[in-house]
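Student: I should like to learn how the features of a model such as this one are read. May we proceed from the whole chain to its details?

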Amino acid sequence: MAELLHPEDLPRWVPGKIVLASDQLGWCNVLIRAYEYAPSEVFVPAMRDFLLIAYREGSTSMDRKVNGQWTREFLVPGNVSLLSRAEESRWHWASDIGVIHLYIAQDALAAISAEVFDRDIADVRLRDVLKTDDPALFGGIMALAEEAKADRPGGRLFVHAVTTQLCIHILRKYADVEFRENRLPTELSPLQAKLVAEYIELNIDKPLPLRELAGVARVSASHFLRQFKRSFGTPPHCYVIERRLACAKNQLSRTALPLKDIAFKAGFSDQSHMTRMFQRNLTATPGTYRTAMRA
């Protein structure tokens, strides 16, 4: 199978002016990009992520071909199109338009699906929807676009909350979910455990909610909680704290970085949070630990 197209590579296939992008904001599993497009006829290779398109400016007739079938709609501001991942498509529109693309990673939607249905997910696909007048979808996409523009404090938490609401709405109205029928093992497989552990290390400076880690293992959050504890001997949140402390201890002993920078690099919410975890788990403050390591 050919490599799936990443969102940042789409302009090679669909030329347009980028007017907004969340690429550098550190969001997990979602990406916002806003474009201004002239009338065009384009081919789009199979995309890596699920794609939602909110139409914010201009009205146009739109022809789209997916799975060998053409559909036609007249799209106006407030409408939304949905396209499943790994689907080639052709598009033709006749007028200037301004759109916002929301890309949702497969793992994110699969993890929320597993939690919504409390079952293990084999696959999730979006239905072929060229036009829907859905205020909940449009409003959620616009809220994420505004957040990308403003980049306010608490942005990642806000994005996570809005994305979760959008995913649940999508699952209720626009998705087909295929479940795994086999009985669930009581522990993570060696590969699942390896992937989860590596994911935690690579993203230790970011929030690591249970739902996100369960998505890496491709099981529901409730099943993941039980399997992780049996595999690692500790609940996920305790393991993550242990790894954050290990990261901070390494930085404290090897660098002269300020404590607040080390707290950030280790994924603590702030320096005070790091200090509390050190006192609780190591009966020492970060400062006294650094002094002891350099004595």
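Tutor: Let us begin with the inventory. The secondary structure of this protein amounts to ten helices and twelve strands. Please keep in mind that the model is a predicted one.

Student: What are the dimensions of the box that the C-alpha atoms fill along the principal axes?

Tutor: The box is roughly 70 × 45 × 35 Å. Of the 295 residues, 46% count as buried. As for contacts with a separation of 6 or more, 73% of them involve residues 24 or more positions apart.

Student: How is a pair of packed helices to be described?

Tutor: Two quantities serve for packed helices: the angle between their axes and the distance between those axes. Here, helix H7, residues 236–254, packs with helix H10, residues 286–294, at an angle of about 55°, and the axes are 8 Å apart. H7 is therefore oblique to H10, since the angle lies outside the ranges that count as roughly parallel (under 35 degrees), roughly perpendicular (65 to 115) and roughly antiparallel (over 145). The crossing of the two helices is right-handed.

Student: Which residues of H7 and H10 meet?

Tutor: From H7 come Lys249, Gln251, Leu252, Ser253 and Arg254, and they meet Pro286, Tyr289, Arg290, Met293 and Arg294 of H10. By character, the residues of this contact comprise four nonpolar, two polar and four charged.

Student: How many of the eight residues of helix H5 are buried?

Tutor: A general point comes first. An α-helix has 3.6 residues a turn, so residues three or four places apart point the same way. In H5, which spans residues 210–217, six of the eight residues are buried, and the helix is mostly covered. The buried residues are Glu212, Leu213, Ala214, Gly215, Val216 and Ala217.

Student: Against which helices do the buried residues of H5 pack?

Tutor: They pack against helix H1 (106–117), helix H4 (190–202), helix H6 (221–232) and H7. Thus H7 has a part in this packing as well as in the contact with H10.

Student: What follows H5 in the chain?

Tutor: Arginine 218 follows H5, in the loop between H5 and H6. Its phi is near 60°, a positive value in a residue other than glycine. Arginine 218 has a relative accessible area of 28% and is therefore partly exposed, as the buried class requires a value under 20%.

Student: Where is aspartate 151 found, and what is its phi?

Tutor: Aspartate 151 is found in the loop between helix H2 (135–150) and helix H3 (155–173). Its phi is near 50°, again a positive value in a residue other than glycine. Because its relative accessibility is 47%, aspartate 151 counts as partly exposed.

Student: Let us turn to the strands. What is the strand order in the open sheet of four strands?

Tutor: The order is E3-E8-E5-E6, and the pairing is antiparallel. Strand E3 (40–44) and strand E6 (69–75) are the edge strands, each of which pairs on one side only. From one strand to the next, the twist averages 15°.

Student: Over how many bridges do E5 and E8 pair?

Tutor: Strand E5, residues 60–66, and strand E8, residues 89–93, pair in the antiparallel sense over five bridges. As a single instance, lysine 65 has arginine 90 in E8 as its bridge partner.

Notes:
Residues numbered from 1 in each chain as written. Predicted model: local features only at pLDDT ≥ 70, side-chain atom pairs only at ≥ 80, totals over all residues. Heavy atoms only, no water. Axes fitted to C-alpha atoms, helices over the stretch in contact; angles between N-to-C directions. Left-handed = near helix turned anticlockwise from the far one by under 90°. Contact = heavy atoms within 4.5 Å. Nonpolar A, V, L, I, M, F, W, Y, C, P; charged D, E, K, R; others polar. Buried < 20%, exposed > 50% of the residue type's maximum accessible area, 1.4 Å probe, protein only. Pairing = 2+ DSSP bridges.
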